[in-house]
Amino acid sequence: MLNHSLGCGSHREGDESKPMMYDHEKSDLPVVVMKPVNNIDGAVAELVEQRGRAKGKAIKPNTRRTPSRESVSPGLDRLRQRAKEHRNEKFTSLLHHIDVPLLTTAYHALRHDAAVGVDGVTWREYGEDLQAKLADLHGRVHRGAYRAQPSRRKMIPKPDGRERPLGIASLEDKVVQRALVEVLNAIYEPEFLGFSYGFRPGRSQHDALDALWVGIDTKRINWILDADIRAYFDTVSHEKLIQFIEERIGDRRVIRLIRKWLNAGVVENGILSATEIGCPQGSVISPLLSNIYLHYVSDLWSHQWRQAAGRGEMIIVRYADDQVFGFEHEADARAFLAELTTRMEEYGLSLHPDKTRLIEFGRYAMENRSKRGLGKPETFTFLGFTHLCGLTRNGKFSLKRKSRSDRMRAKLQEIKLDLRRRINEPIPEIGRRLRQVVQGYNAYHAVPNNFDSLESFRCNVIRLWYRLLNRRSQLRGWTWEKMERLADQWLPMPRILHPWPSARFAVKYPR
């Protein structure tokens, strides 16, 4: 094909065979080529404009994004594909994937307003001269000079009045942990089983709730085992965890990094304590480590038990250390519970005797209990919702979910204390703050059949705001009619935001 340029679209008269030539890389003029007519020999070609050079993102290396919307290097893509194709292969060279670009991505993925560790360095402070700091950090990690700092322990109140210990790592530890999580996720994501949902890319709490709903609604489930592991993050065995990791990871430098974080210790009230067992809850890498531990201790064993020992249908849903098992037969449920208790004890874990419950629950539970002269089936909680056996208008079984009342009371108490601190702020500022709170609550709890809980939460927020406004003035000039108009202006009305679990589960996990 002829490939020449025409200057300004014209030739000098008498010299049609020698067009004026332009270097299209140096000229802004359009490049024109002769396009032959299809299937016609010797036909006169038409003039067309040649495609311009690729600009911007089109010429960048081909990378794709993880479900968390973070860029992944082609090297991690190849690592993920290798791990998927060779399930029993041990990876002996991984540390080279932790380079400065990955550390930069890890830094920007951290929360900007997160609490500081023992180093006292905030995200913004570390961002000053970032590339120089990350280059130095990269060098220390690769030559073995990197040292993990102890976590700062902070006690977080729980809805039941108890406290949960939270370990806050230093900023450099967070960066390196976040980078290593990206590398390890490429290996372990193809290996984790489908019923594990906690802290995995592209999976959320609502995915676990949908899976549980679909399992109970579509399978012959008559018994539910709500298994609660006592102080899970505080009782993980370091040595057994390392043994599990070494099943797939043969890079001794990566193993040493993980050991450094496990043995770094915690600082509480200025006192450093050693950590011989446990995985610091709150660190960036602890969710992945906990998933690896339970993958070998519980997931693989439960899956094999279901295939080998179970006589009837069985469902499994796990989100971090929250596990729910469903059984068709009571004998299967009791046998599984006994063997699961023994299995946990072998690996330094134990089921909480008061919170681990085996209840009759499912499609035929109401009918079976009614025949025996018993009351309604018991309920169980999972990921912030109370699950109940209900009926549709046609009298068919329907799994109902309602927001946990204790969690709602704890949230309202938190709002009450926050309003007291804002008692002198203008009404628009308080309104904007409460609108964010109600929107956030609805974003998680607005599931089908939970409208009454949403409405109750909004009414209680209005009541707390009403008391605050009347407390600001001795005249008590706020009537309920005036308060309702103010609430309609600032607080969103309750409405269901999430689709039916069966519809969303079928789209995300098609069979």
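Which side chain makes a polar contact with the side chain of histidine 498? The exercises below start from this contact. The model is predicted, so that local features need pLDDT of at least 70 and side-chain atom pairs count only at pLDDT 80 or more, while totals for chains, interfaces and linings use all residues. Residues are numbered from 1 along each chain as its sequence is written, and side-chain values use heavy atoms, with hydrogens and water left out.

**Exercise 1. Describe the surroundings of histidine 498 and of aspartate 210.**

Step 1. Place the histidine. Histidine 498 sits in the loop between α16 (480-490) and α17 (501-508); helices (H or I, at least four residues) and strands (E, at least two) are DSSP runs, numbered from the N terminus. Its relative accessibility is 14%, so histidine 498 counts as buried (buried is under 20% relative accessible area, exposed over 50%, partly exposed in between, with a 1.4 Å probe and protein chains only).

Step 2. List the polar contacts. A polar contact is a pair of N or O atoms within 3.5 Å; within protein, one must be able to donate a hydrogen and the other to accept it, and residues adjacent in sequence count only if both atoms are side-chain atoms. The side chain of arginine 504 is such a partner of the histidine 498 side chain, at 3.0 Å. The side chain of histidine 206 is also joined to that of histidine 498, at 3.5 Å.

Step 3. Add the other contacts (heavy atoms within 4.5 Å). Leaving aside residues up to four places away in sequence, histidine 498 touches His206, Ala443, Tyr444, Ala446, Val447, Pro448 and Arg504.

Step 4. Follow arginine 504 to aspartate 210. The side chains of aspartate 210 and arginine 504 make a polar contact of 2.6 Å. Aspartate 210 belongs to helix α6 and is buried, at a relative accessible area of 1%. Not counting residues up to four places away in sequence, aspartate 210 touches Arg401, Pro501, Arg504 and Phe505.

**Exercise 2. Classify two aromatic pairs by their geometry.**

Step 1. State the rule. A pair of aromatic rings is described by the distance of the centres and the angle of the planes. Rings of Phe, Tyr and Trp (its six-membered ring) pair if their centres lie within 6.5 Å; planes under 30 degrees apart count as stacked, over 60 as edge-to-face and the rest as tilted. The count by this rule is 20 aromatic pairs.

Step 2. Take tryptophan 301 and phenylalanine 336. With 5.3 Å from centre to centre and 35° between the planes, this pair is tilted. Tryptophan 301 is in helix α10 (residues 286-308) and phenylalanine 336 in helix α11 (residues 330-346), so the pair ties together parts 35 residues apart in sequence. Both tryptophan 301 and phenylalanine 336 are buried.

Step 3. Take phenylalanine 385 and tyrosine 444. The ring centres are 5.6 Å apart and the planes meet at 25°, so this pair is stacked. Phenylalanine 385 is in strand β14 (residues 385-391) and tyrosine 444 in helix α14 (residues 427-445), 59 residues apart. Phenylalanine 385 is buried at 0% relative accessible area, and tyrosine 444 is buried at 18%.

Step 4. Look for a cluster. One aromatic cluster is formed by Trp301, Trp305, Phe325, Phe327 and Phe336.

**Exercise 3. Describe the second largest pocket and the largest cavity.**

Step 1. Fix the terms. On a 1 Å grid over the protein atoms alone, a cavity is a set of points where a 1.4 Å probe fits but cannot get out, and a pocket is an open set with protein on both sides within 12 Å along at least five of seven lines; lining residues have an atom within 4 Å of a point. Grid points are joined across faces, edges and corners, and a volume is the space filled by probe spheres set on the points.

Step 2. Describe the pocket. The second largest pocket holds about 370 Å³. Its lining has 18 residues, and Tyr197, Ala211, Ile316, Phe505 and Arg511 lie nearest its centre. At least two lining residues come from each of α6 (205-218), α10 and β10 (314-319). The lining divides into 10 nonpolar, four polar and four charged residues (Ala, Val, Leu, Ile, Met, Phe, Trp, Tyr, Cys and Pro count as nonpolar, Asp, Glu, Lys and Arg as charged, and the others, Gly among them, as polar).

Step 3. Describe the cavity. There are three cavities of 30 Å³ or more, and the largest has a volume of about 80 Å³. Residues lining the largest cavity include Gln149, Asp173, Trp261 and Leu289.
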